[in-house]
Amino acid sequence: MQPNPAQAQQQPTPKDFFEQAKKLLAVGDVFEASKRAGKLKAHFPEEPPILAIHGFTLAKLGLHEPAIADMRASSHLTLQSLEDEDEAENPARPRIVDQYIRLQSEIGRSLSALGEHMDAIDEIQLALDMDPDRGDAIAALAEVQSNMGNTDEAIKLIDDGLARKLDDIPLLISYAKVLVNAEKQDTDRMQSCKEQIATLVNEAGIGAANLMALLRAEGSLCDALGEYSDAFNAYRRAAKLRRGAYNAEVHAKMSSRLIESWTAEEIDKLMRPPGVPGKSRVLLCGSIHSGMPEVMSLLDRLPNTVDIGPIESLGMLCATQLNAARGVLRALVPTPRGHRGDQIGKLAAGYSRQCDAAARMGGMRTVDTHPGNTPLVGCIAMALPGVTVINCRRDPIEESLAIYCDEMPGNHPYAGDLISTASYVKDTGRLMDHWTSVLNDERVGAKVINIQYEQVMNDPKSVLRQLADALGEELSDQLTAGLEPTQSVGPGSHVKEYGVAYKQLREFFEV
(Lines give C-alpha, C1' and ligand atoms only; values in the text may rest on other atoms or scores of the structure.)
Protein backbone atom coordinates (compact mmCIF):
# COMPACT_ATOMS: atom_id res chain seq x y z
CA MET A 1 0.00 0.00 0.00
CA GLN A 2 1.42 3.35 -1.05
CA PRO A 3 1.70 6.05 1.64
CA ASN A 4 -0.68 8.94 1.44
CA PRO A 5 1.29 11.90 -0.05
CA ALA A 6 -0.41 14.30 2.36
CA GLN A 7 0.64 12.15 5.32
CA ALA A 8 4.20 11.88 3.99
CA GLN A 9 4.41 15.67 3.79
CA GLN A 10 3.34 15.95 7.42
CA GLN A 11 6.20 13.77 8.71
CA PRO A 12 8.87 16.06 10.20
CA THR A 13 12.28 15.82 8.56
CA PRO A 14 15.59 15.91 10.49
CA LYS A 15 15.90 19.53 9.42
CA ASP A 16 12.45 20.22 10.91
CA PHE A 17 13.49 18.60 14.20
CA PHE A 18 16.68 20.65 14.26
CA GLU A 19 14.87 23.94 13.63
CA GLN A 20 12.25 23.04 16.25
CA ALA A 21 14.97 22.29 18.79
CA LYS A 22 16.68 25.63 18.07
CA LYS A 23 13.43 27.56 18.45
CA LEU A 24 12.42 25.75 21.63
CA LEU A 25 15.83 26.38 23.17
CA ALA A 26 15.58 30.04 22.18
CA VAL A 27 12.30 30.48 24.06
CA GLY A 28 13.50 28.58 27.13
CA ASP A 29 11.63 25.29 26.60
CA VAL A 30 14.70 23.19 27.29
CA PHE A 31 12.99 19.84 27.97
CA GLU A 32 11.18 19.86 24.63
CA ALA A 33 14.36 21.02 22.88
CA SER A 34 16.30 18.20 24.51
CA LYS A 35 13.79 15.60 23.27
CA ARG A 36 14.28 16.66 19.67
CA ALA A 37 18.03 17.06 20.03
CA GLY A 38 18.23 13.58 21.58
CA LYS A 39 16.34 12.00 18.67
CA LEU A 40 18.59 13.77 16.19
CA LYS A 41 21.76 12.67 17.95
CA ALA A 42 20.58 9.05 17.98
CA HIS A 43 20.44 9.11 14.17
CA PHE A 44 23.28 11.55 13.44
CA PRO A 45 25.83 11.08 16.24
CA GLU A 46 28.70 12.85 14.45
CA GLU A 47 27.05 15.95 12.98
CA PRO A 48 28.57 19.09 14.59
CA PRO A 49 25.35 21.20 14.71
CA ILE A 50 23.40 18.31 16.27
CA LEU A 51 26.11 17.58 18.83
CA ALA A 52 26.20 21.29 19.59
CA ILE A 53 22.49 21.75 20.25
CA HIS A 54 22.36 18.51 22.25
CA GLY A 55 25.25 19.78 24.37
CA PHE A 56 23.62 23.18 24.83
CA THR A 57 20.38 21.61 26.10
CA LEU A 58 22.23 19.29 28.49
CA ALA A 59 24.20 22.25 29.88
CA LYS A 60 20.97 24.20 30.44
CA LEU A 61 19.61 21.22 32.37
CA GLY A 62 22.72 21.19 34.56
CA LEU A 63 24.12 17.94 33.09
CA HIS A 64 27.54 19.44 32.54
CA GLU A 65 29.73 16.35 32.12
CA PRO A 66 27.80 14.83 29.17
CA ALA A 67 27.21 18.35 27.84
CA ILE A 68 30.95 19.01 27.74
CA ALA A 69 31.56 15.72 25.90
CA ASP A 70 29.06 16.63 23.16
CA MET A 71 30.17 20.25 22.90
CA ARG A 72 33.86 19.33 22.70
CA ALA A 73 33.18 16.78 19.97
CA SER A 74 31.21 19.39 18.03
CA SER A 75 33.85 22.06 18.61
CA HIS A 76 36.63 19.76 17.35
CA LEU A 77 34.71 18.96 14.16
CA THR A 78 33.75 22.61 13.70
CA LEU A 79 37.35 23.75 14.00
CA GLN A 80 38.42 21.10 11.49
CA SER A 81 35.89 22.52 9.08
CA LEU A 82 37.21 26.04 9.58
CA GLU A 83 40.81 24.92 9.01
CA ASP A 84 39.97 23.12 5.78
CA GLU A 85 41.42 25.14 2.90
CA ASP A 86 38.46 24.29 0.69
CA GLU A 87 36.20 25.97 3.23
CA ALA A 88 37.99 29.33 3.14
CA GLU A 89 35.45 30.86 0.78
CA ASN A 90 32.47 28.98 2.19
CA PRO A 91 29.51 31.39 2.49
CA ALA A 92 28.49 29.52 5.66
CA ARG A 93 31.83 30.33 7.33
CA PRO A 94 30.42 33.14 9.56
CA ARG A 95 27.80 30.71 10.89
CA ILE A 96 30.45 28.05 11.52
CA VAL A 97 32.65 30.58 13.34
CA ASP A 98 29.67 31.64 15.45
CA GLN A 99 28.99 28.01 16.38
CA TYR A 100 32.63 27.48 17.42
CA ILE A 101 32.67 30.58 19.64
CA ARG A 102 29.36 29.68 21.28
CA LEU A 103 30.59 26.16 21.92
CA GLN A 104 33.84 27.26 23.51
CA SER A 105 32.02 29.79 25.69
CA GLU A 106 29.50 27.22 26.93
CA ILE A 107 32.19 24.59 27.48
CA GLY A 108 33.86 27.15 29.73
CA ARG A 109 30.68 27.82 31.66
CA SER A 110 30.07 24.09 32.19
CA LEU A 111 33.65 23.47 33.32
CA SER A 112 33.36 26.35 35.78
CA ALA A 113 30.11 24.87 37.11
CA LEU A 114 32.09 21.70 37.84
CA GLY A 115 34.77 23.72 39.64
CA GLU A 116 37.36 23.41 36.85
CA HIS A 117 37.88 27.15 36.53
CA MET A 118 41.36 27.25 34.99
CA ASP A 119 40.37 24.80 32.26
CA ALA A 120 37.26 26.92 31.72
CA ILE A 121 39.39 30.02 31.13
CA ASP A 122 41.53 28.14 28.61
CA GLU A 123 38.46 27.02 26.65
CA ILE A 124 36.89 30.48 26.55
CA GLN A 125 40.21 32.00 25.52
CA LEU A 126 40.12 29.85 22.38
CA ALA A 127 36.85 31.57 21.48
CA LEU A 128 38.36 35.00 22.09
CA ASP A 129 41.41 34.07 20.01
CA MET A 130 38.97 33.50 17.15
CA ASP A 131 37.15 36.81 17.78
CA PRO A 132 38.25 39.11 20.63
CA ASP A 133 35.13 41.23 20.19
CA ARG A 134 32.55 38.59 21.06
CA GLY A 135 30.48 39.93 23.94
CA ASP A 136 29.08 36.49 24.86
CA ALA A 137 32.58 35.01 25.23
CA ILE A 138 33.74 37.96 27.34
CA ALA A 139 30.62 37.60 29.49
CA ALA A 140 31.35 33.88 29.98
CA LEU A 141 34.95 34.65 30.99
CA ALA A 142 33.72 37.27 33.46
CA GLU A 143 31.36 34.75 35.06
CA VAL A 144 34.21 32.27 35.49
CA GLN A 145 36.35 34.95 37.14
CA SER A 146 33.43 35.76 39.43
CA ASN A 147 33.05 32.06 40.31
CA MET A 148 36.71 32.07 41.31
CA GLY A 149 36.12 35.06 43.60
CA ASN A 150 37.90 37.50 41.25
CA THR A 151 35.12 40.07 41.20
CA ASP A 152 37.36 43.01 40.25
CA GLU A 153 38.75 41.11 37.24
CA ALA A 154 35.24 40.12 36.17
CA ILE A 155 34.03 43.73 36.36
CA LYS A 156 37.08 44.94 34.44
CA LEU A 157 36.32 42.52 31.59
CA ILE A 158 32.69 43.65 31.35
CA ASP A 159 33.52 47.35 31.65
CA ASP A 160 36.00 46.99 28.81
CA GLY A 161 33.45 45.16 26.66
CA LEU A 162 30.78 47.81 27.27
CA ALA A 163 33.28 50.62 26.58
CA ARG A 164 34.08 49.00 23.23
CA LYS A 165 30.36 48.94 22.36
CA LEU A 166 30.23 45.16 22.08
CA ASP A 167 26.98 43.21 22.32
CA ASP A 168 25.58 44.64 25.54
CA ILE A 169 22.85 42.05 26.19
CA PRO A 170 25.10 39.15 27.32
CA LEU A 171 27.50 41.59 29.00
CA LEU A 172 24.78 43.21 31.13
CA ILE A 173 23.20 39.86 32.04
CA SER A 174 26.57 38.60 33.26
CA TYR A 175 27.31 41.95 34.92
CA ALA A 176 24.21 41.56 37.07
CA LYS A 177 25.27 38.03 38.09
CA VAL A 178 28.77 39.19 38.99
CA LEU A 179 27.54 42.13 41.06
CA VAL A 180 24.82 40.20 42.90
CA ASN A 181 27.16 37.30 43.71
CA ALA A 182 30.05 39.50 44.85
CA GLU A 183 31.19 39.00 48.45
CA LYS A 184 31.13 42.77 48.93
CA GLN A 185 28.37 44.36 46.90
CA ASP A 186 28.93 47.67 45.11
CA THR A 187 25.58 49.44 45.27
CA ASP A 188 26.65 52.23 42.91
CA ARG A 189 27.60 49.77 40.19
CA MET A 190 24.44 47.78 40.83
CA GLN A 191 22.31 50.88 40.40
CA SER A 192 24.13 51.77 37.18
CA CYS A 193 23.76 48.24 35.78
CA LYS A 194 20.08 48.20 36.74
CA GLU A 195 19.47 51.49 34.92
CA GLN A 196 21.26 50.26 31.77
CA ILE A 197 19.18 47.08 31.75
CA ALA A 198 15.95 49.04 32.41
CA THR A 199 16.69 51.19 29.35
CA LEU A 200 17.47 48.15 27.23
CA VAL A 201 14.33 46.14 28.10
CA ASN A 202 12.12 48.96 26.88
CA GLU A 203 13.67 48.91 23.41
CA ALA A 204 11.79 47.20 20.59
CA GLY A 205 13.04 44.13 18.80
CA ILE A 206 14.60 42.13 21.64
CA GLY A 207 13.82 38.42 21.39
CA ALA A 208 11.78 36.73 24.10
CA ALA A 209 14.68 34.68 25.50
CA ASN A 210 16.98 37.71 25.82
CA LEU A 211 14.17 39.86 27.20
CA MET A 212 13.34 37.28 29.89
CA ALA A 213 17.01 37.03 30.88
CA LEU A 214 17.37 40.81 31.04
CA LEU A 215 14.24 41.23 33.13
CA ARG A 216 15.37 38.58 35.60
CA ALA A 217 18.77 40.24 35.77
CA GLU A 218 17.01 43.52 36.56
CA GLY A 219 14.90 41.74 39.18
CA SER A 220 17.95 40.21 40.86
CA LEU A 221 19.63 43.62 41.10
CA CYS A 222 16.51 45.23 42.55
CA ASP A 223 16.18 42.36 45.03
CA ALA A 224 19.78 42.77 46.18
CA LEU A 225 19.26 46.54 46.51
CA GLY A 226 16.13 46.07 48.62
CA GLU A 227 13.84 47.52 45.94
CA TYR A 228 11.36 44.69 46.25
CA SER A 229 8.41 46.27 44.46
CA ASP A 230 10.53 46.99 41.37
CA ALA A 231 12.06 43.51 41.63
CA PHE A 232 8.66 41.85 41.58
CA ASN A 233 7.52 43.96 38.62
CA ALA A 234 10.57 42.82 36.64
CA TYR A 235 10.05 39.17 37.60
CA ARG A 236 6.36 39.41 36.71
CA ARG A 237 7.14 40.80 33.25
CA ALA A 238 9.58 37.95 32.69
CA ALA A 239 7.08 35.33 33.88
CA LYS A 240 4.46 36.54 31.42
CA LEU A 241 6.81 35.72 28.55
CA ARG A 242 6.86 32.02 29.43
CA ARG A 243 5.81 29.58 26.75
CA GLY A 244 2.73 27.40 27.18
CA ALA A 245 -0.57 27.42 29.04
CA TYR A 246 -1.43 25.83 32.36
CA ASN A 247 -4.85 24.83 33.69
CA ALA A 248 -4.45 24.77 37.47
CA GLU A 249 -7.98 23.47 38.09
CA VAL A 250 -7.54 20.45 35.80
CA HIS A 251 -4.11 19.71 37.28
CA ALA A 252 -5.57 19.78 40.80
CA LYS A 253 -8.37 17.37 39.77
CA MET A 254 -5.90 14.98 38.16
CA SER A 255 -3.74 15.05 41.28
CA SER A 256 -6.79 14.24 43.42
CA ARG A 257 -7.67 11.34 41.13
CA LEU A 258 -4.18 9.89 41.50
CA ILE A 259 -4.44 10.17 45.27
CA GLU A 260 -7.79 8.38 45.28
CA SER A 261 -6.77 5.59 42.87
CA TRP A 262 -3.18 4.73 43.75
CA THR A 263 -3.46 2.81 47.00
CA ALA A 264 -1.26 0.15 48.57
CA GLU A 265 -4.15 -2.32 48.27
CA GLU A 266 -4.42 -1.83 44.49
CA ILE A 267 -0.66 -2.09 43.94
CA ASP A 268 -0.56 -5.26 46.05
CA LYS A 269 -3.10 -6.95 43.73
CA LEU A 270 -0.82 -6.67 40.69
CA MET A 271 1.60 -9.24 39.26
CA ARG A 272 4.87 -7.44 39.90
CA PRO A 273 8.50 -8.32 39.02
CA PRO A 274 10.03 -10.63 41.66
CA GLY A 275 12.89 -9.66 43.95
CA VAL A 276 14.09 -6.11 44.54
CA PRO A 277 15.20 -4.85 41.09
CA GLY A 278 14.55 -1.26 42.17
CA LYS A 279 17.11 -1.15 44.95
CA SER A 280 19.63 0.69 42.76
CA ARG A 281 17.11 3.26 41.50
CA VAL A 282 16.42 6.59 43.17
CA LEU A 283 13.91 9.25 42.14
CA LEU A 284 14.43 12.79 43.41
CA CYS A 285 11.12 14.66 43.55
CA GLY A 286 10.24 18.29 44.17
CA SER A 287 11.25 21.48 42.38
CA ILE A 288 14.60 23.10 41.76
CA HIS A 289 13.79 25.50 44.61
CA SER A 290 12.75 22.85 47.10
CA GLY A 291 16.35 21.72 47.47
CA MET A 292 16.76 19.21 44.63
CA PRO A 293 20.18 20.51 43.44
CA GLU A 294 21.47 20.69 47.00
CA VAL A 295 20.27 17.17 47.83
CA MET A 296 21.74 15.87 44.57
CA SER A 297 25.11 17.38 45.47
CA LEU A 298 24.95 15.44 48.76
CA LEU A 299 24.02 12.20 46.98
CA ASP A 300 26.99 12.72 44.66
CA ARG A 301 29.24 12.18 47.69
CA LEU A 302 27.98 8.66 48.20
CA PRO A 303 29.91 5.83 46.52
CA ASN A 304 28.53 4.17 43.38
CA THR A 305 25.93 6.91 42.90
CA VAL A 306 25.38 8.62 39.52
CA ASP A 307 23.25 11.65 38.71
CA ILE A 308 21.58 10.75 35.41
CA GLY A 309 19.66 14.02 35.36
CA PRO A 310 16.08 14.64 34.29
CA ILE A 311 15.75 11.79 31.78
CA GLU A 312 12.42 11.36 30.02
CA SER A 313 12.44 7.57 30.28
CA LEU A 314 9.76 7.09 32.93
CA GLY A 315 7.18 9.27 31.17
CA MET A 316 7.86 7.74 27.76
CA LEU A 317 7.71 4.17 29.07
CA CYS A 318 4.49 4.85 30.92
CA ALA A 319 3.03 6.16 27.66
CA THR A 320 4.10 3.11 25.62
CA GLN A 321 3.69 0.32 28.20
CA LEU A 322 0.88 1.55 30.47
CA ASN A 323 -1.19 3.57 28.00
CA ALA A 324 -0.74 6.72 30.05
CA ALA A 325 -3.40 9.39 29.71
CA ARG A 326 -2.67 12.92 28.64
CA GLY A 327 -2.01 15.20 31.60
CA VAL A 328 -1.69 18.95 31.98
CA LEU A 329 2.12 18.88 32.07
CA ARG A 330 3.04 15.28 31.26
CA ALA A 331 1.39 11.94 30.58
CA LEU A 332 0.11 10.17 33.70
CA VAL A 333 -1.39 6.82 34.64
CA PRO A 334 -4.71 7.44 36.43
CA THR A 335 -4.91 4.06 38.21
CA PRO A 336 -2.85 0.90 38.78
CA ARG A 337 -5.87 -1.25 38.00
CA GLY A 338 -5.92 -3.39 34.88
CA HIS A 339 -2.20 -3.51 34.18
CA ARG A 340 -0.78 -6.91 33.29
CA GLY A 341 2.40 -8.42 34.58
CA ASP A 342 4.12 -8.25 31.16
CA GLN A 343 3.40 -4.51 30.91
CA ILE A 344 4.86 -3.90 34.36
CA GLY A 345 7.86 -6.09 33.59
CA LYS A 346 8.60 -4.20 30.36
CA LEU A 347 8.39 -0.91 32.22
CA ALA A 348 10.84 -2.19 34.84
CA ALA A 349 13.29 -3.58 32.30
CA GLY A 350 13.09 -0.57 29.99
CA TYR A 351 13.60 1.98 32.77
CA SER A 352 16.54 0.10 34.30
CA ARG A 353 18.15 -0.30 30.88
CA GLN A 354 17.85 3.41 30.12
CA CYS A 355 19.13 4.38 33.57
CA ASP A 356 22.23 2.23 33.04
CA ALA A 357 22.72 3.76 29.59
CA ALA A 358 22.46 7.28 31.03
CA ALA A 359 24.95 6.36 33.75
CA ARG A 360 27.23 4.91 31.04
CA MET A 361 27.79 1.82 33.17
CA GLY A 362 25.79 -0.87 34.90
CA GLY A 363 25.60 -1.71 38.56
CA MET A 364 25.48 1.90 39.75
CA ARG A 365 22.87 3.58 41.92
CA THR A 366 21.17 6.05 39.56
CA VAL A 367 19.32 9.21 40.57
CA ASP A 368 16.60 10.50 38.21
CA THR A 369 15.87 14.20 38.79
CA HIS A 370 13.07 14.84 36.30
CA PRO A 371 10.69 17.34 37.95
CA GLY A 372 7.72 15.76 36.18
CA ASN A 373 8.19 12.39 37.85
CA THR A 374 6.10 13.09 40.96
CA PRO A 375 2.74 12.02 39.44
CA LEU A 376 4.41 8.84 38.13
CA VAL A 377 6.01 7.72 41.40
CA GLY A 378 3.36 5.03 41.87
CA CYS A 379 4.22 3.54 38.48
CA ILE A 380 7.91 3.15 39.27
CA ALA A 381 7.13 1.71 42.72
CA MET A 382 4.76 -0.75 41.08
CA ALA A 383 7.38 -1.84 38.55
CA LEU A 384 10.53 -1.73 40.68
CA PRO A 385 10.04 -3.01 44.24
CA GLY A 386 12.75 -1.58 46.46
CA VAL A 387 12.97 1.77 44.66
CA THR A 388 13.80 4.82 46.79
CA VAL A 389 11.96 8.12 46.42
CA ILE A 390 13.40 11.27 47.97
CA ASN A 391 10.90 14.09 48.42
CA CYS A 392 12.46 17.55 48.71
CA ARG A 393 10.16 19.72 50.81
CA ARG A 394 10.14 23.46 51.52
CA ASP A 395 7.81 26.06 52.96
CA PRO A 396 5.28 26.41 50.09
CA ILE A 397 5.24 30.22 50.11
CA GLU A 398 9.03 30.39 49.86
CA GLU A 399 9.08 27.71 47.17
CA SER A 400 6.33 29.34 45.10
CA LEU A 401 7.95 32.77 45.02
CA ALA A 402 11.38 31.31 44.30
CA ILE A 403 10.01 29.31 41.34
CA TYR A 404 8.01 32.24 39.98
CA CYS A 405 11.03 34.55 39.96
CA ASP A 406 13.52 32.05 38.53
CA GLU A 407 14.49 31.10 35.00
CA MET A 408 13.44 27.45 35.61
CA PRO A 409 14.90 25.95 32.39
CA GLY A 410 12.37 23.66 30.77
CA ASN A 411 8.65 23.67 30.12
CA HIS A 412 7.19 25.13 33.33
CA PRO A 413 4.07 26.98 32.15
CA TYR A 414 2.62 27.01 35.68
CA ALA A 415 5.31 29.57 36.57
CA GLY A 416 3.77 32.16 34.25
CA ASP A 417 1.30 33.19 36.96
CA LEU A 418 1.93 33.47 40.70
CA ILE A 419 -1.20 31.66 41.89
CA SER A 420 -0.79 28.96 39.23
CA THR A 421 2.71 28.43 40.60
CA ALA A 422 1.31 28.15 44.11
CA SER A 423 -1.34 25.69 42.90
CA TYR A 424 1.35 23.53 41.30
CA VAL A 425 3.40 23.58 44.52
CA LYS A 426 0.31 22.63 46.52
CA ASP A 427 -0.55 19.71 44.21
CA THR A 428 3.04 18.47 44.32
CA GLY A 429 2.98 18.60 48.11
CA ARG A 430 -0.29 16.66 48.24
CA LEU A 431 1.17 13.96 45.98
CA MET A 432 4.33 13.75 48.09
CA ASP A 433 2.21 13.28 51.21
CA HIS A 434 0.26 10.54 49.45
CA TRP A 435 3.31 8.65 48.16
CA THR A 436 4.91 8.83 51.60
CA SER A 437 1.88 7.09 53.06
CA VAL A 438 1.34 4.53 50.30
CA LEU A 439 4.86 3.58 49.23
CA ASN A 440 6.18 3.06 52.75
CA ASP A 441 3.51 0.38 53.21
CA GLU A 442 5.28 -3.01 53.45
CA ARG A 443 2.98 -4.40 50.74
CA VAL A 444 4.47 -1.97 48.21
CA GLY A 445 8.09 -2.46 49.21
CA ALA A 446 9.38 0.99 48.29
CA LYS A 447 11.06 3.58 50.47
CA VAL A 448 10.19 7.28 50.72
CA ILE A 449 12.44 9.80 52.43
CA ASN A 450 11.32 13.38 53.11
CA ILE A 451 14.08 15.98 53.23
CA GLN A 452 13.44 19.51 54.50
CA TYR A 453 15.07 22.40 52.62
CA GLU A 454 15.87 24.32 55.77
CA GLN A 455 17.80 21.37 57.19
CA VAL A 456 19.70 20.88 53.92
CA MET A 457 20.87 24.48 54.08
CA ASN A 458 21.55 24.65 57.83
CA ASP A 459 22.88 21.17 58.58
CA PRO A 460 23.93 19.34 55.39
CA LYS A 461 26.00 16.78 57.34
CA SER A 462 22.95 15.47 59.17
CA VAL A 463 21.02 15.25 55.90
CA LEU A 464 23.85 13.32 54.24
CA ARG A 465 23.85 10.98 57.22
CA GLN A 466 20.09 10.49 56.84
CA LEU A 467 20.48 9.72 53.12
CA ALA A 468 23.37 7.33 53.69
CA ASP A 469 21.44 5.42 56.36
CA ALA A 470 18.41 5.12 54.12
CA LEU A 471 20.49 3.86 51.20
CA GLY A 472 22.58 1.49 53.29
CA GLU A 473 25.90 3.29 52.90
CA GLU A 474 28.66 3.73 55.46
CA LEU A 475 29.36 7.42 56.03
CA SER A 476 33.00 8.28 56.68
CA ASP A 477 34.48 11.60 57.75
CA GLN A 478 35.98 11.90 54.29
CA LEU A 479 32.53 11.88 52.70
CA THR A 480 31.35 14.77 54.91
CA ALA A 481 34.55 16.82 54.58
CA GLY A 482 33.94 20.45 53.61
CA LEU A 483 30.20 20.38 54.21
CA GLU A 484 29.13 23.65 55.79
CA PRO A 485 25.81 25.48 56.23
CA THR A 486 24.74 27.60 53.26
CA GLN A 487 22.64 30.74 53.29
CA SER A 488 19.57 30.77 51.07
CA VAL A 489 19.42 33.73 48.67
CA GLY A 490 16.91 35.31 46.31
CA PRO A 491 13.24 36.23 46.72
CA GLY A 492 12.36 32.90 48.35
CA SER A 493 14.68 33.66 51.25
CA HIS A 494 12.79 36.80 52.31
CA VAL A 495 9.22 36.37 51.09
CA LYS A 496 7.71 38.84 53.55
CA GLU A 497 9.54 41.67 51.80
CA TYR A 498 7.41 40.98 48.71
CA GLY A 499 4.31 42.42 50.38
CA VAL A 500 1.54 41.99 47.80
CA ALA A 501 2.88 38.67 46.49
CA TYR A 502 3.38 37.36 50.01
CA LYS A 503 -0.18 38.29 50.95
CA GLN A 504 -1.58 36.52 47.86
CA LEU A 505 0.41 33.38 48.58
CA ARG A 506 -0.44 33.33 52.26
CA GLU A 507 -4.15 33.64 51.50
CA PHE A 508 -3.91 30.87 48.89
CA PHE A 509 -2.22 28.38 51.19
CA GLU A 510 -4.53 29.20 54.09
CA VAL A 511 -7.57 28.16 52.06
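Colleague: Which helix gives the largest share of the lining of the second largest pocket?
Modeller: Helix 3, with five residues. Bear in mind that this is a predicted model.

Colleague: How much space lies in that second largest pocket?
Modeller: About 870 Å³.

Colleague: And which residues are closest to its centre?
Modeller: E32, K35, L329, R330 and A331. In total, 36 residues line the second largest pocket.

Colleague: Which elements give two or more residues to that lining?
Modeller: Helix 3 (30-43), helix 14 (248-261), helix 17 (313-321) and helix 21 (418-439).

Colleague: How do the lining residues divide into nonpolar, polar and charged?
Modeller: The lining has 18 nonpolar residues, 11 polar and seven charged.

Colleague: Staying with helix 21 for a second. Where is S420 found?
Modeller: In helix 21.

Colleague: Is S420 buried or exposed?
Modeller: Buried. The relative accessible area of S420 is 14%, and the cut-off for buried is under 20%.

Colleague: What is S420 in contact with, leaving aside neighbours within four places in sequence?
Modeller: Y246, A248 and Y414.

Colleague: Switching to the sheet. In what order do the five strands run?
Modeller: The order is 2-3-1-4-5. The sheet is open, with parallel pairing.

Colleague: Which are the edge strands?
Modeller: Strand 2 and strand 5 (447-452). Each of these pairs on one side only.

Colleague: What does the twist average from one strand to the next?
Modeller: 25°.

Colleague: What about helix 23, which strands does it touch?
Modeller: Helix 23 (residues 460-471) packs on the sheet and touches strand 1 (281-285), strand 3, strand 4 (388-393) and strand 5. The direction of helix 23 makes about 180° with that of strand 5.

Colleague: Back to strand 2. Why is it largely enclosed by the rest of the structure?
Modeller: Because four of its five residues, within 305-309, are buried.

Colleague: How many bridges join strand 2 to strand 3?
Modeller: Four, and the two strands run parallel. Strand 3 covers residues 365-368.

Colleague: What is the bridge partner of D307 in strand 3?
Modeller: V367.

Colleague: And of G309?
Modeller: D368, also in strand 3.

Colleague: New topic, A21. Where is it found?
Modeller: In helix 2, residues 14-26.

Colleague: Buried or exposed?
Modeller: A21 is buried, at 0% relative accessibility.

Colleague: What does A21 touch, not counting residues up to four places away in sequence?
Modeller: A33, R36, A37 and I53.

Colleague: What separation do you get between the C-alpha atoms of A21 and R236?
Modeller: 26 Å. Along the chain, A21 and R236 are 215 residues apart.

Colleague: Last topic, backbone angles. What phi does K165 have?
Modeller: A positive one, about 60°, although K165 is not a glycine.

Colleague: Where does K165 lie?
Modeller: In the loop between helix 9 (151-163) and helix 10 (168-181). K165 is exposed, with a relative accessible area of 72%.

Colleague: And N323, what phi there?
Modeller: About 50°, so again positive, and N323 is not a glycine.

Colleague: Which loop is N323 found in?
Modeller: The loop between helix 17 and helix 18 (341-359).

Colleague: Is N323 buried or exposed?
Modeller: Exposed. The relative accessible area of N323 is 60%, and exposed means over 50%.

Technical notes
Residues numbered from 1 in each chain as written. Predicted model: local features only at pLDDT ≥ 70, side-chain atom pairs only at ≥ 80, totals over all residues. Heavy atoms only, no water. 1 Å grid on protein atoms, 1.4 Å probe; cavity = no way out; pocket = protein on both sides within 12 Å on 5 of 7 lines; lining within 4 Å. Points joined across faces, edges and corners; volume = space filled by probe spheres on them. Nonpolar A, V, L, I, M, F, W, Y, C, P; charged D, E, K, R; others polar. Buried < 20%, exposed > 50% of the residue type's maximum accessible area, 1.4 Å probe, protein only. Contact = heavy atoms within 4.5 Å. Pairing = 2+ DSSP bridges. Axes fitted to C-alpha atoms, helices over the stretch in contact; angles between N-to-C directions.
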